[in-house]
Amino acid sequence: MVVMEFQACAEELARAVNPTPAVTSATRAVRRLRAEQLTEIHAVVESGAYFVDGYRSPTAWLADVTREGFGQCKGTLRLAERIVHMPLVQASFGSGALSETALRLLTDSWAAHIADVFERDEAMLLRWATSLPAADLKMLLDTWRMHADPDDEAATAADQFDARSLHLSKMLDGVGQLDGTLDPEGYALVHEAIRALSQRAQDETRTAAQRRADALVQMAKMAIESFERLPGQKRRKPSVIATSAGDDLCESTGGGSLDTGGGRSIVPISTVRRMACDCEMHRYIADSVGHIIDFGRKRRIVSDVQFDLLMIRDHGCRWPGCGVPAAGCDAHHARHWLDGGATEPDNLILLCWYHHHLLHDQHWSIEPLGAGYFTLHMPDGRRRDLRPPLIGAALPAPSPH
């Protein structure tokens, strides 16, 4: 009795020290039971027994029997229908050696009109499935399918491209929602652009989703600023027009509006002041009922020559850890021109959309030190030196402080 208890304790201790064999054994057992389930399900569907019992479809029958959702049941029925055409795959899954993820990838690659090709290559495909990670297996199976069924793959690619769509919805509070579908090439391009512009910065507080949203806005800003009308187009260059009362703008009170070709939104005055840091100014004077009685020429607050100077000095956003290039940045006045700040290089610094937004709306500030050096003042009172100016291959000069 004592010996048996000792052995039980030893086995329990071994599992605690190295649980992998126990997990592996349990996983294989689950797969064997799953293979048995698929065999039984296929038999019921083939016999039509579900219809005799009053169910309208195999999915309805399986959902009632298993209490799984319809989506899960449809996937199970797909596996049950296709695995019977893959004897080597079925045997491997039944032994517990093949994962269900790999099984799903294999069944997704099978089709009735290429069943003979699949049968010819099944042993090779199974070797891939039992030895490769899922991502690598999918790539190889996609490549195999491209050779086995080129016409279908071309048609699929065309269908995916035709299915592309993007919906933009503005809510009552001005917040916008986006929903869309892209073909693989379009998705890869957008994904890479957002990835490049949403890298985690030093002391980052944004979530990954917030960084992706900011990257999309940054892409839009870069596109608008580099937009060139095609010959023959009559429409103006796309722009966002911010409007506010002069007193509100100078005293940082009240609010303003944003107008585009697609609508109008009301925004706080901090948004208008942020946009006014680096924009084209066009003075309008209106009377009390909104009639425009005077307007001036449009001019840039920061000239193209000044922006070029900032580009070769700052090389993009100067915020610590941020890598957004100059094309996606605004020229921020350390001391706002509305408050008497000069539009000169020592008072100007490049900031990306997100950090420019953070600076104006979250009580951060930047102090110019001269010679292109700046100190960042945080809301909690801490200070950080921004990265030094770098022009060409020259080493940075000593900081003025």
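In this predicted model, helix 9 has five names to look for on its covered face, since Leu137, Leu141, Trp144, Arg145 and Ala148 are its buried residues. These residues cover an arc of only 100° around the axis, and therefore they lie on the same side of helix 9. An α-helix has 3.6 residues a turn, so residues three or four places apart point the same way. On the other side of helix 9, the exposed residues are Ala135, Met139 and His147.

Helix 5 can be read in a similar manner, beginning with its buried residues, which are Cys73, Gly75, Thr76, Leu77, Leu79, Ala80, Arg82 and Ile83. The cover over these buried residues of helix 5 includes helix 2 (20-47) and helix 4 (58-66), together with helix 6 (87-95) and helix 7 (100-109).

The table sets out the lengths of both helices, with the end-to-end span taken between the terminal C-alpha atoms and the expected span reckoned at 1.5 Å a residue.

| Helix | Residues | Length | C-alpha span | Expected span |
|---|---|---|---|---|
| Helix 5 | 70-83 | 14 residues | 20 Å | 20 Å |
| Helix 9 | 134-148 | 15 residues | 20 Å | 21 Å |

For helix 9 the span agrees with the expected value, and for helix 5 the span is close to the expected value.

Turning to the whole protein chain, there are 16 helices and 14 strands, and 31% of its 401 residues count as buried. The accessible surface of the protein chain comes to about 25,000 Å², with 58% of that area belonging to carbon and sulfur atoms. Among contacts between residues at least 6 apart in sequence, 50% join residues at least 24 apart.

Methods: Residues are numbered from 1 along each chain as its sequence is written. This is a predicted model: local features need pLDDT of at least 70, side-chain atom pairs count only at pLDDT 80 or more; totals for chains, interfaces and linings use all residues. Side-chain values use heavy atoms; hydrogens and water are left out. Helices (H or I, at least four residues) and strands (E, at least two) are DSSP runs, numbered from the N terminus. The expected span of a helix is 1.5 Å times one less than its number of residues. Buried means under 20% relative accessible area, exposed over 50%, partly exposed in between (1.4 Å probe, protein chains only). The arc is that of the directions from the helix axis to the C-beta atoms. Contact means heavy atoms within 4.5 Å. Accessible areas come from the Shrake-Rupley method with a 1.4 Å probe; for residues, only the protein chains shown count as cover.
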